[in-house]
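Biologist: I am new to this structure and would like a close look at one part of it. Please take the side chains that pair with one another, and say where they sit along the chain and how far they are covered.

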Amino acid sequence: MFKSIVESFTNIFKKPVTKNYPAEAIKHFPKYRGLIVYDVNECIFCDKCEKVCPPKAIVFHQNEDGTKEYNYNEYLCIYCGECVRNCPKTDQALTHSENKPEIGIKDNFLVTNWKKLYSDAKQSRIDYKNLKKAKKEEESS
């Protein structure tokens, strides 16, 4: 007990260990993994990022004309970096940003409608395959 009283008394005169966050900028370590930044112009739409994402925070929506749309849910992302690591165009199509996510914003579309967006994206791929199959059958007839 005496030891804890001495420790408490010495802590009164020590400098605090915490950061003065708003006044001091937080320094990120060199391999900091922040939000995922996506560049549509560099993407080759190989879908590797979607396949390796553990929490399924990335999904591509297949359009009827064959193009794909990238969707990313930063609220599901665990910042593991697997998508960036597996991207064939790393540091071009997918990169990590220095920004931290603004978690806690509940009025965002991704929070309320992600399950619907995810299921619609999966259904769009099935519809696209069926459309291609129907066109092939139509051409062969």
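Modeller: A residue is called buried under 20% relative accessible area, exposed over 50%, and partly exposed in between, with a 1.4 Å probe and protein chains only. This is a predicted model, in which local features need pLDDT of at least 70 and side-chain atom pairs count only at pLDDT 80 or more, while totals for chains, interfaces and linings use all residues. Residues are numbered from 1 along each chain as its sequence is written, and side-chain values use heavy atoms, with hydrogens and water left out.

The charged pairs come first. Side chains of opposite charge can pair when their charged atoms come close. Here a salt bridge is a side-chain nitrogen of Lys or Arg within 4 Å of a carboxyl oxygen of Asp or Glu. By this rule the structure has seven salt bridges.

One of these salt bridges lies within helix 4, where Asp120 and Lys116 are four residues apart, about one turn of the helix. The closest N and O atoms of Asp120 and Lys116 are 3.1 Å apart. Lys116 has a relative accessible area of 54%, so this residue is exposed. Asp120 has 34% and is therefore partly exposed. Helices (H or I, at least four residues) and strands (E, at least two) are DSSP runs, numbered from the N terminus.

A second group of salt bridges makes a network: bridges with shared partners join Asp47, Glu50, Lys68, Lys122 and Arg125. Asp47 deserves a closer look. This residue is found in the loop between strand 1 and helix 2. At 8% relative accessibility, Asp47 counts as buried.

Which residues does Asp47 pair with, and how far away are they along the chain? One partner is Lys68, with a distance of 2.6 Å between the closest N and O atoms. Lys68 belongs to strand 3, whereas Asp47 lies in the loop between strand 1 and helix 2 (48-52), so this salt bridge ties together parts that are 21 residues apart in sequence. Another partner is Arg125, where the closest N and O atoms are 3.5 Å apart. Arg125 is in helix 4, and its pair with Asp47 links distant parts of the chain, 78 residues apart.

The backbone of the loop also has something to show. Most residues other than glycine have a negative phi, and most peptide bonds are trans. Asp47 has a positive phi, near 70°, in a residue other than glycine. Phe45 likewise is not a glycine, yet has a positive phi of about 55°. Phe45 too is found in the loop between strand 1 and helix 2. With a relative accessible area of 27%, Phe45 is partly exposed.

Phe45 leads on to the ring pairs. Tyr38, Phe45, Phe60 and Tyr70 form one aromatic cluster. A pair of aromatic rings is described by the distance of the centres and the angle of the planes. Rings of Phe, Tyr and Trp (its six-membered ring) pair if their centres lie within 6.5 Å; planes under 30 degrees apart count as stacked, over 60 as edge-to-face and the rest as tilted.

Over the whole structure, a search finds five aromatic pairs. In one of them, the rings of Tyr38 and Tyr70 have centres 3.7 Å apart and planes at 10°, so the pair is stacked. Tyr38 lies in strand 1 (residues 36-38) and Tyr70 in strand 3 (residues 68-72), so the two rings tie together parts that are 32 residues apart in sequence. Tyr38 is partly exposed at 22% relative accessibility, whereas Tyr70 is buried at 16%.

Another of the pairs joins Trp114 and Tyr118, whose ring centres are 6.4 Å apart with planes at 40°, so this pair is tilted. Both residues lie in helix 4 (residues 109-140), four residues apart, about one turn of the helix. Trp114 is buried, with a relative accessible area of 7%.

To sum up, strand 3 holds Lys68, a salt-bridge partner of Asp47, and also Tyr70, a ring partner of Tyr38. Helix 4 holds Arg125, which reaches Asp47 in the loop between strand 1 and helix 2.
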